[in-house]
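Subject: Structure handover, with notes on charged pairs and the ligand site

Dear colleague,

I am passing on the structure we spoke about, and below it you will find my notes on what turned up. Please read them with the model open beside you.

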Amino acid sequence: MLQFRDVDFIGLAALLSDDERLVRDNTRQWVEDNVIPIIEACAREGRFPRELIAPMGRMGFFGATLQGYGCAGMSNVEYGLVMQELERGDSGLRSFASVQSALVMYPIYAFGSDEQKQRWLPALQQGEAVGCFGLTEPDFGSNPGGMRTRARRAGDEFILNGEKMWITSGSIADVAVVWAKDDAGRVRGFLVETDRPGFSAADIHGKYSLRASVTSSLALRDVKIPAANLLPGSDGLRSPLACLDQARYGIGWGAIGAAMQCYSTALQYAQFRLQFAGKPIASHQLVQEKLVWMINEISKAQLLALQVGRLKDRGQVDPAQISLLKRNNVAIALDAARLARDILGANGIAGEYPVFRHLANLESVKTYEGTHDIHTLIVGHKITGIAAFE
Ligand code: TGC
Ligand code: FAD
C-alpha cells in the first residue's frame, strides 16, 4: 500500500487559515489511522464499519457546522475539508457523515421544534443515534416532487404510507426523516422512529459501488406517528431541496479527496513501475499527459470548492453555484479515477490499490444528490432563466 502524498500543486494551503489546516490535518490523520487500514476489507465484505460511528461523533464530524447541541460549530470551509479527507478514505464514510449531518441533523435544526432538537441533535451528534433521509421513491428519483408517499392527519397523529428507495443508512437508522405529502398535497418532513409498527427497511444487495455503505429501501404501511413528529418549519419541496444544498456542498469537497487519493497513487506508481529498458512509465509523454490532466483538474476543483465555501460562509452562496461545484468535482474525480486505473495497468483493478474502489464509488456519487445531468439543467436554468426539466 502506497503512503498518501499531499496534493497541492498551486499552494492552496496558503489560502487556508491555521484553524482550517488543523481541521484538515487532524481529519487526515484520523482517516489514516482508522479508515485506510480496514476499508478495503469492508468494501470487499460489503460491510459499513459501524464501529467508526462513535469515534466519528467524538471527532465532531456530525452536524459540524451547526451551533449548540454539542456540535463543533465549524465553518463551511472546515466542514468541506473534513468531507474531503473522509472521502479520501472512502465515499461510504463521507456518505454516512453527509446523511447524518446535512440530511438528518440539518432539517431537524432548520425546521424542527425545540423538543425535536433536544431529543435528537445531541444523540445524532455523538453518533449514539443514526439517521436516514427518505426522499427518493421507486418511481421518483430526479423528480421528487411527484412522490406518492402520503401523511394523513388523524386526530393527534399522522398515518404514513409509501415506499422510499436507495436510502443510505436506512436499515441501521434510529430515526428516518421521511418526506411525504400531507392532506393538502404539500411536501412536509416527518420524523419517524424506525421501531414504529408498520415501518420496515430492507437492504439493497449486489451493489458494485459504495459497498462499504448501507443502502436500503423503506416501506411505510399505516405507520402512526404523533402529530408532534411533523417538522413544523418544513413547507414544500424547497425544504428537502434546502437539505440537499448542504449535502451537495459536502460532496463537492468530498470528491476532491477521492481524486487526490487516486492521483497520489497513480503518480507514485508511475514513478516506480519500470517498463521498456528499465525506464519508469512516468518517463513517457502519454503517461505524463494523464497525470498532468489529473493535477490540472484537481487544482481547479480545489479552487472552486474553496470559493463556494467562502461564499457559503458569508451567506452568499446560490444553490446553482453548489450544483456547479457538485457537477464539476464529481465528474473530474470520476475521470481522474479512470485515468489512475489506466496508469496502474492490471494493478488498477486490484484491491491492493484504492483506485478501483474509488472509481466504482464515484459512479454512485455522480448519480445521487442530483445526477450530473440534473445539475447541468439547474445551472442551465440559472444562466438562461429557462427551466428545461420537463
Ligand atoms: P422547483 O419548482 O424548481 O422548486 C420547488 C421549490 O423548491 C425551491 N428550490 C430550492 N430551494 C432550496 N434549494 C434548492 N436547491 C432549490 N431548488 C428549488 C424552489 O424555489 C421552489 O420553491 P417554492 O417556494 O417556489 O415552492 O422544483 P421541481 O419539481 O421543478 O424540481 C427541480 C429539481 C429537478 C432541480 C429538483 O427536483 C432536484 O434537485 N432533483 C434532484 C433530486 C435529488 O437530488 N435527490 C437527492 C435525494 S437524497 C440523496 O441522493 C442522498 S445521497 C446521500 C449520500 O449517501 O451521500
Ligand atoms: P432517474 O431520475 O430515473 O434518472 C435516470 C437517468 O435519466 C439519469 O441519467 C438522469 O440524469 C436522467 N434524467 C432524469 N430526468 C431527466 C431530465 N429531466 N432531463 C434529462 N435527463 C434526465 N435518495 C434518498 O432520498 N436518500 C438517500 O439516502 C439516498 N442515498 C442513495 C445512495 C446510493 C448509493 C444511490 C445510488 C442513490 C441514493 N439515493 C438516495 C437516490 C438518488 O438520489 C437517486 O438515485 C437520484 O436522485 C437519481 O434518481 P434515479 O436513480 O431514480 O434516476
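The structure, which is a predicted model, holds 25 salt bridges. As general background, side chains of opposite charge can pair when their charged atoms come close. I describe three of the pairs and one network below, and then turn to the ligand.

In one of these salt bridges, the side chain of glutamate 137 meets that of lysine 164, with an N to O distance of 2.9 Å. The two residues belong to distant parts of the chain, 27 residues apart, since glutamate 137 sits in the loop between strand E1 (131-134) and strand E2 (150-154), while lysine 164 is part of strand E3 (residues 157-168). Both glutamate 137 and lysine 164 are buried.

A second salt bridge joins the side chains of aspartate 235 and arginine 186, at 2.7 Å from N to O. Aspartate 235 is found in the loop between strand E7 (215-226) and helix H7 (238-272), and arginine 186 in the loop between strand E4 (175-181) and strand E5 (187-193), so this pair ties together parts that lie 49 residues apart in sequence. Aspartate 235 has a relative accessibility of 30% and therefore counts as partly exposed, and arginine 186, at 37%, counts as partly exposed as well.

In a third case, the side chains of arginine 196 and glutamate 193 form a salt bridge of 2.6 Å, N to O. Here glutamate 193 is buried, because its relative accessible area of 7% is under 20%, whereas arginine 196, at 23% relative accessibility, counts as partly exposed. There is also a network of salt bridges, which links Asp6, Arg28, Glu32, Glu85 and Arg88.

Turning to the ligand, the space that ligand 1 takes up is the largest pocket. There are 24 residues around ligand 1, and those that come nearest are Ser142, Asp245, Arg248, Glu369 and Gly370. Helix H5 (91-111) and H7 each supply at least two residues of the shell around ligand 1, and H7 gives the most, with six residues.

As for individual atoms, a polar side-chain atom of aspartate 245 lies 2.7 Å from a nitrogen atom of ligand 1, while a polar side-chain atom of arginine 248 lies 2.7 Å from an oxygen atom of ligand 1. Arginine 94 has a polar side-chain atom 3.3 Å from an oxygen atom of ligand 1. Of the 1,100 Å² of accessible area that ligand 1 has on its own, the protein covers 71%.

With best regards

Definitions and conventions:
Residues are numbered from 1 along each chain as its sequence is written. Chains are lettered from A and ligands numbered from 1 in the order in which they are written. This is a predicted model: local features need pLDDT of at least 70, side-chain atom pairs count only at pLDDT 80 or more; totals for chains, interfaces and linings use all residues. Side-chain values use heavy atoms; hydrogens and water are left out. A salt bridge is a side-chain nitrogen of Lys or Arg within 4 Å of a carboxyl oxygen of Asp or Glu. Helices (H or I, at least four residues) and strands (E, at least two) are DSSP runs, numbered from the N terminus. Buried means under 20% relative accessible area, exposed over 50%, partly exposed in between (1.4 Å probe, protein chains only). A residue is near a molecule or strand if one of its heavy atoms lies within 4 Å of it. A polar contact is a pair of N or O atoms within 3.5 Å; within protein, one must be able to donate a hydrogen and the other to accept it, and residues adjacent in sequence count only if both atoms are side-chain atoms. Accessible areas come from the Shrake-Rupley method with a 1.4 Å probe; for residues, only the protein chains shown count as cover. On a 1 Å grid over the protein atoms alone, a cavity is a set of points where a 1.4 Å probe fits but cannot get out, and a pocket is an open set with protein on both sides within 12 Å along at least five of seven lines; lining residues have an atom within 4 Å of a point. A molecule sits in a cavity or pocket if more than half of its atoms lie within 2 Å of its grid points.
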